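Subject: Structure for you to look at

Hello,

Here is the structure I said I would pass on. My notes on it follow below.

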Amino acid sequence: MTTRSPFSFQRRRVCQSLALLATGGASALHAQGAWPQKPIRLVVPFAPGGSSEVVARSVAGELTKQLGQSVFVENKPGGAGVIAMQEVAKAGADGYTLILGHVGTLAVNPYMLPSQPYDVNKDFIPVTLLAKVPNVLVVHPDVPAKTFKEFIAYAKANPGKVNYSSAGNGSSGHLSMEYLKLTAGFFMTHIPYRGSGPQMTDLLAGRVQVAMNGLPSVSAFIKSGKLRALAVGSAQCIAALPDVPTIAESGYKGFETSQWYGLLAPAGTPAPVVKRLQEESLKALRTGPVTERFAHDSAVGVGDTPEQFAAFITAQQKVWKDIVAKAGIKPD
């Protein structure tokens, strides 16, 4: 697989936008009528039930109000996100098909998968980073560890006997746990599932013992006592779990991992549409319903520019390329 210069990503996007405008993209868009004139499909490359669902549906609901057209979420799981990404890459570049990008699909798959039917740095235009969601290390109550340090000691004393679940190979939960295993120096068996819903079913039943999930998908189970939160992956403690320490302050300085989600469009989407999408997304992130839901789940809304999101993706690719190599993460 050919590795592209991390600086080519942002440059290519800017050049495409300038070329589009130079060839009359804006005029053509105006001639066709103001965008949007029909419903917009937001594809989520995961099964319902996870943090991606919370972010996508919260923002889509506000965009529907603001744009005057339905922005509907379509879950299309499978293939570590490749199925959904491939479909959107081939969709019309008209602003009516979008995808929710994620650390796995944008920063990990390029290095985990031997080949992909698209290029994340070529076939998509970053619109905006929507949100960052803290990861939480949770265990089933049967696990004999009440604190994060006790859990690490237990896992080290029982190599291979502890199973951790994730929403699938290349998912944020998978990557975060492999990152922790490398950092803390212990071994657990990975059990990948097809989405957060099936994963949670087995975790709650005790068929697997531990997971590193986004807070939205586990908060209710933590409150009910069905899962025990031991640590958070964010840089700072979170208000929703004031008594749960960060991994960094528990002896692993500098450790930080979170789930992040951003909006992307197929390459060639008119620059005015990309600009409007970014502006409307930022507006949606500032509305009461979204800020309240995000605050409930300790998610942090962002809403940055396409150029800033592109730079963020480049930085994340550098981080996870190294982890994928060291952990030997392979596709299913």
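Accessible areas here come from the Shrake-Rupley method with a 1.4 Å probe. On that basis the chain exposes about 13600 Å², and carbon and sulfur atoms supply 55% of this area. Please keep in mind that this is a predicted model.

Overall make-up

The chain has 332 residues, of which 55% count as buried. It holds 12 helices and 10 strands. Taking the contacts in the chain with a separation of 6 or more, 80% are between residues 24 or more positions apart.

Strand β4 and its partners

Strand β4 covers residues 124-139. Of its 16 residues, 15 are buried, so the strand is mostly covered, given that buried means under 20% relative accessible area. Several strands pair with β4, as follows.

- β9 (residues 258-266) is antiparallel to β4, with nine bridges between them. Within this pairing, A265 of β9 lies opposite I125.
- β7 (residues 210-214) is also antiparallel to β4, through five bridges. Here N135 faces G214 of β7.
- β8 (residues 228-232) runs antiparallel to β4 and is joined to it by four bridges. L137 has A231 of β8 as its bridge partner.
- β10 (residues 300-301) is antiparallel to β4 as well, with two bridges. G301 of β10 stands opposite A131.

Helix α3

Helix α3 runs from residue 51 to residue 67. How far apart are the end C-alpha atoms of α3, and what span should its 17 residues have? The end C-alpha atoms are 24 Å apart, and at 1.5 Å a residue the helix should span 24 Å, so the two values agree. The expected span is 1.5 Å times one less than the number of residues. As for its surroundings, 13 of the 17 residues of α3 are buried, so the helix is largely enclosed by the rest of the structure. G68 follows α3 and has a positive phi, near 75°.

The cavity

How many cavities of 30 Å³ or more are there? The count comes to one. The largest cavity holds about 170 Å³ of space. It is lined by 18 residues, and those closest to its centre are S51, A167, S196, Q259 and Y261. At least two lining residues come from each of α3, α7 (172-184), α8 (196-205), β7 and β9. Of these elements, β7 and β9 have already appeared above as partners of β4.

Two single residues

S219 sits in helix α9 (residues 215-224). Is S219 buried or exposed? Its relative accessible area is 9%, which is under the 20% cut-off, so S219 counts as buried. Leaving out residues up to four places away in sequence, S219 touches H296 and D297.

T97 belongs to strand β3 (residues 97-102). The relative accessibility of T97 is 11%; this too is under 20%, and therefore T97 counts as buried. Not counting residues up to four places away in sequence, T97 touches R41, V88, A91 and P266. Among these contacts, P266 falls within the residue range of β9, 258-266.

Regards

Technical notes: Residues are numbered from 1 along each chain as its sequence is written. This is a predicted model: local features need pLDDT of at least 70, side-chain atom pairs count only at pLDDT 80 or more; totals for chains, interfaces and linings use all residues. Side-chain values use heavy atoms; hydrogens and water are left out. Buried means under 20% relative accessible area, exposed over 50%, partly exposed in between (1.4 Å probe, protein chains only). Contact means heavy atoms within 4.5 Å. Two strands pair if DSSP finds at least two bridges between them. On a 1 Å grid over the protein atoms alone, a cavity is a set of points where a 1.4 Å probe fits but cannot get out, and a pocket is an open set with protein on both sides within 12 Å along at least five of seven lines; lining residues have an atom within 4 Å of a point. Grid points are joined across faces, edges and corners, and a volume is the space filled by probe spheres set on the points.
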